[in-house]
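Q: Please give me a close look at one part of this chain, the sheet nearest its beginning in your numbering. Then work outward from there and tie in the rest.

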Amino acid sequence: FALFILFSFSCLFVNRTYSDWPTLAANYERTSYVSEAIGGVTRPVWARPIDPFIPYHIQVIAANNKVYMSSSRGLYALNAADGAQVWTYATEIPLGHSPTVVGNVVYVAGFDRRIHAIDDVTGQVKAGWNFFEADAGFDVNPIVLNNRVYAGCKDGRFYCLDANTGNLIWKYPPQGQEPIGPLYQSAAYK
């Protein structure tokens, strides 16, 4: 099933020069809509097997002439034109959801209780990034706006991190107040 998704999306993003689908559902409003029409005949351009398990809710993300896919073993970055593996960011514990690409940084939340910031050129942790750890795993796609990363967590809190350093800016509800229950839905913004 994951290969079929990769087939379908790969043909849509070849030869585009902008960030086509940089986050879950294309944008932070979660509309799953882009204004450009796909013309001509769409067909698979390439296929690439992905060995680790890919959960059903993971979307292929396309930006920077690459496609990104979260898996049970880490994040894959593939060349959008031919499917060649550009890099893999390996994790021991599964990633929780699809990544978000902002400029040359890929943000992805994981079941390891961390939000990861990955340099899109090297496939390594972004320079200067501190791994903030929540009290439970993340099963959402983060929003990155105004140099801040926002994500709900299974620990019942909504977190705001500095997008450059990974340092905690705030969490809701704050320490001392009862969490609101596990957050499994990715936030939307308008």
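A: Start with the sheet itself. Four strands form an open sheet, ordered β1-β2-β3-β4, with antiparallel pairing. Strands here are DSSP runs of E with at least two residues, helices are runs of H or I with at least four residues, and both are numbered from the N terminus. Two strands pair if DSSP finds at least two bridges between them. This is a predicted model: local features need pLDDT of at least 70, side-chain atom pairs count only at pLDDT 80 or more, and totals for chains, interfaces and linings use all residues. Residues are numbered from 1 along each chain as its sequence is written, and side-chain values use heavy atoms, with hydrogens and water left out.

The edges of the β1-β2-β3-β4 sheet are β1 and β4, each pairing on one side only. From one strand to the next, the twist averages 20 degrees. For such angles, axes are lines fitted to C-alpha atoms (for helices, over the stretch in contact), and values run from 0 to 180 degrees between N-to-C directions. Three bridges hold β1 and β2 together in the antiparallel sense. Ala62 has Val67 in β2 as its bridge partner. In a regular strand, side chains alternate between the two faces of the sheet.

Now the packing. Val67 returns in the largest nonpolar core, which has 25 residues; Val67, Tyr68, Leu75, Trp87, Val106 and Ile118 touch the most other members. A nonpolar core is a set of buried Ala, Val, Leu, Ile, Met, Phe, Trp, Tyr and Cys residues joined through side-chain atoms within 4.5 Å. Buried means under 20% relative accessible area, exposed means over 50%, and partly exposed is in between (1.4 Å probe, protein chains only). At least two residues of this core come from each of β1 (61–63), β2 (66–71), β3 (74–79), β4 and β6 (105–109). β3 gives the most, with four residues.

Ile118 shows how this core is connected. Neighbours within four places in sequence aside, Ile118 is in contact with Leu75, Trp87, Tyr89, Asn104, Val105, Val106, Val108, Gly123, Gln124 and Lys126. Contact means heavy atoms within 4.5 Å. Apart from the largest core lies another core, of 20 residues, including Tyr28, Tyr107, Phe138 and Cys153.

Next, follow the chain on from β4. His97 sits in the loop between β4 (85–90) and β5 (100–102). His97 counts as buried because its relative accessibility is 7%. Its contacts, again without neighbours within four places in sequence, are Leu24, His57, Ile58, Ser70, Val108, Ala109, Asp139, Val140, Asn141 and Ser186.

Arg113 is further along, in the loop between β6 and β7 (115–119). Its phi is positive, about 75 degrees, although Arg113 is not a glycine. Arg113 counts as partly exposed because its relative accessibility is 34%. Most residues other than glycine have a negative phi, and most peptide bonds are trans.

The second sheet comes later. It is an open sheet of four strands in the order β8-β9-β10-β11, and the pairing is antiparallel. Its edge strands are β8 (143–145) and β11 (168–172), each pairing on one side only. Neighbouring strands of this sheet are turned by 20 degrees against each other on average, direction ignored. Asn147 lies in the loop between β8 and β9. Asn147 is a residue other than glycine with a positive phi, near 60 degrees.

β9 (residues 148–152) and β10 (residues 158–162) pair antiparallel over five bridges. Gly152 stands opposite Phe158 in β10. β10 and β11 also run antiparallel, joined by four bridges. Leu161 has Leu168 in β11 as its bridge partner. The hairpin of β10 and β11 has five residues between the strands, and Gly166 there takes a positive phi near 85 degrees. Pro173 is found in the segment after β11. A cis peptide bond joins Tyr172 to Pro173, with omega about -10 degrees.

Finally, step back to the whole chain. There are one helix and 11 strands. Of the 190 residues, 47% count as buried. Of the contacts with a separation of 6 or more, 49% are between residues 24 or more positions apart. The chain exposes about 9500 Å², and carbon and sulfur atoms supply 52% of it. Accessible areas come from the Shrake-Rupley method with a 1.4 Å probe; for residues, only the protein chains shown count as cover.
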